[in-house]
Amino acid sequence: MISIEQLKQALSKQYVLKCFVDLANLSVTPTAAYKQFQSCYQEVFDNNDRLVFYTTDVISNKLLQHLYQAADLIDVSKFFVLICSPHDVREENTSIDPILFQTLKIEFEETSKLQDNFFVPNTLCPLPWQHLEVSAQGELRPCCVSSQNIGNVNNISLNNAFYNDKMSMLRQNFLDGNRPSGCNHCWNMEDRGLISNRKYHLSLLKKQLLTVDLDLPTIKSLDIKPGNTCNFKCRICGPQASSLFAEESKKFSNITIKTVNWAESDSKTIDEIIELLPTLTNIDMYGGEPFLIKPLLKLAESAVAQGSAKNIRLHYNSNGSVYPEKFVDYWKKFKHVDIHFSIDNIGARFELERGGSWNQVDSNINQLINLKLPNIKISIMPAISIMNVFYIDELLQWASKLSLTVNPLYITDPIGFDLKHLTAGAKNLIVNKFQNHPWPEMKNILNYVKSAPDSDGQEFTKLCKHFDHLRNQNFADSHPEVAKAMGYVYNKTL
């Protein structure tokens, strides 16, 4: 039997040790293994480089799989990992990397006991550790699809909300492996086999979460909806997010919708965001229509003036109707600018579903593409609903011609447009058309369409008739196949 120091000296004669660590140190927290691999990461290792972990305890398969996952996430090849133990290491590799860890069976002095505190729940979401949403009404939430209200900008600062008891309890709930009820939107999406907000952000932020944020929650990302100023009144929208929709609701009903454009009326929160700019890495901006909201231009100006822009990704969700001429020169200074255009359909169907002029929207997007700015990425984010799902191939073809990626989301509200309200005839229409379609997300759509119970279409009909009557339109004129399959008939004279 040899000492730990003798083991290290012997290995040092054969390898270049990038680390020499008691494996017990990686079993004490969910983040320890990820941080260790991150600290040793190199784009290229030499053949005799090794990350050495040692223990005299029996290594459980659960801990081994945890180490595999950490190595995979940090992108450290397991060829360079050497585990020293007096016991046989029984490896069952379920990793994406077919290579196994290297092992050395050797007797050495007793080490610290392995612990069982490394559990990383598969329900974990990165957003509560780095993100806040501010709604158009000033309400604060962990993210845009959460139903949990943690305060309002009128009575709490962003920092105080981020660290309050509600957010702390939410983080612990996730760490305990639970599915918090305020996150039911994502759980429902995942139960349907569809992409959820949680899974989308986990694919982008998992490394950041497990190497930094889990141990040190910090506001790095904001989703801000500064008000409902908007020149569209989309059928899938509502008065809280569209001033035109609000005007229409007030004009044709006895209901007055109270909206608060906090960014326009209260500079306190905008000033607070400006103070946070040096530590922010991401700002998501919605509306209303963000290119009509002046304080958002002020944020871009301030980030450039501070010198913070080079570290920040900006993201805008726009309806495409406004060419953002005043923003462009500032965008050139930012690390990255993502613009998602909320386009669900093209041509006359776009104009009925969203409003405005399709030709103008198409022209604005082409104009932005033609700028060829290297730090700007443009993509399309369609909201999949009964109205547009049958025509999604035409949108994909249009996006493909412009070399734009398509990132879908799914309508659950208003409920009448949710895919779960498709009639049997409409479901057959969709399945028959798309059963061999190559778009990867189509498989998830079809699986959900097939599994949903047949609807009588009444929720859809009620909603469509409301808009057709209110706006002197006829859904069947622009969407004849879907209207027929849904049993939708509208007579303007009635």
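This report covers the cysteines, a nonpolar surface patch and the internal cavity of a predicted model.

## Cysteines

The structure contains zero disulfides. For Cys 19, the closest cysteine sulfur belongs to Cys 40 and lies 3.8 Å away, which is too far for a bond, because a disulfide requires two cysteine sulfur atoms within 2.5 Å. Cys 234 likewise takes part in no disulfide; its nearest cysteine sulfur, in Cys 237, is 5.8 Å away.

Both Cys 19 and Cys 234 fall below the limit of 20% relative accessible area that defines a buried residue. Cys 19 is buried at 8% relative accessible area, and Cys 234 is buried at 6%.

## Nonpolar surface patch

A nonpolar patch on the surface is formed by Ile 195, Tyr 200 and Leu 204, which together have about 270 Å² of accessible area. Within this patch, Tyr 200 is located in helix α7, spanning residues 197-213. Tyr 200 has a relative accessibility of 32% and therefore counts as partly exposed, a class that lies between the buried limit of 20% and the exposed limit of 50%.

## Internal cavity

Searching the whole structure gives one cavity of 30 Å³ or more. The largest cavity holds about 90 Å³ of space.

The lining of the largest cavity includes the cysteines Cys 125, Cys 143, Cys 183 and Cys 186. Other lining residues are Leu 127, Pro 128, Pro 142, Val 145, Phe 174, Trp 187, Asn 197 and Arg 198. Helices α6 (184-191) and α7 each contribute at least two residues to this lining. Helix α7 is also the helix that holds Tyr 200 of the surface patch.

Note on methods. Residues are numbered from 1 along each chain as its sequence is written. This is a predicted model: local features need pLDDT of at least 70, side-chain atom pairs count only at pLDDT 80 or more; totals for chains, interfaces and linings use all residues. Side-chain values use heavy atoms; hydrogens and water are left out. Buried means under 20% relative accessible area, exposed over 50%, partly exposed in between (1.4 Å probe, protein chains only). Patches are made of residues with over 30% relative accessible area and no salt bridge: like charges are joined within 9 Å, nonpolar side chains (Val, Leu, Ile, Met, Phe, Trp, Tyr) within 5 Å. Accessible areas come from the Shrake-Rupley method with a 1.4 Å probe; for residues, only the protein chains shown count as cover. A salt bridge is a side-chain nitrogen of Lys or Arg within 4 Å of a carboxyl oxygen of Asp or Glu. Helices (H or I, at least four residues) and strands (E, at least two) are DSSP runs, numbered from the N terminus. On a 1 Å grid over the protein atoms alone, a cavity is a set of points where a 1.4 Å probe fits but cannot get out, and a pocket is an open set with protein on both sides within 12 Å along at least five of seven lines; lining residues have an atom within 4 Å of a point. Grid points are joined across faces, edges and corners, and a volume is the space filled by probe spheres set on the points.
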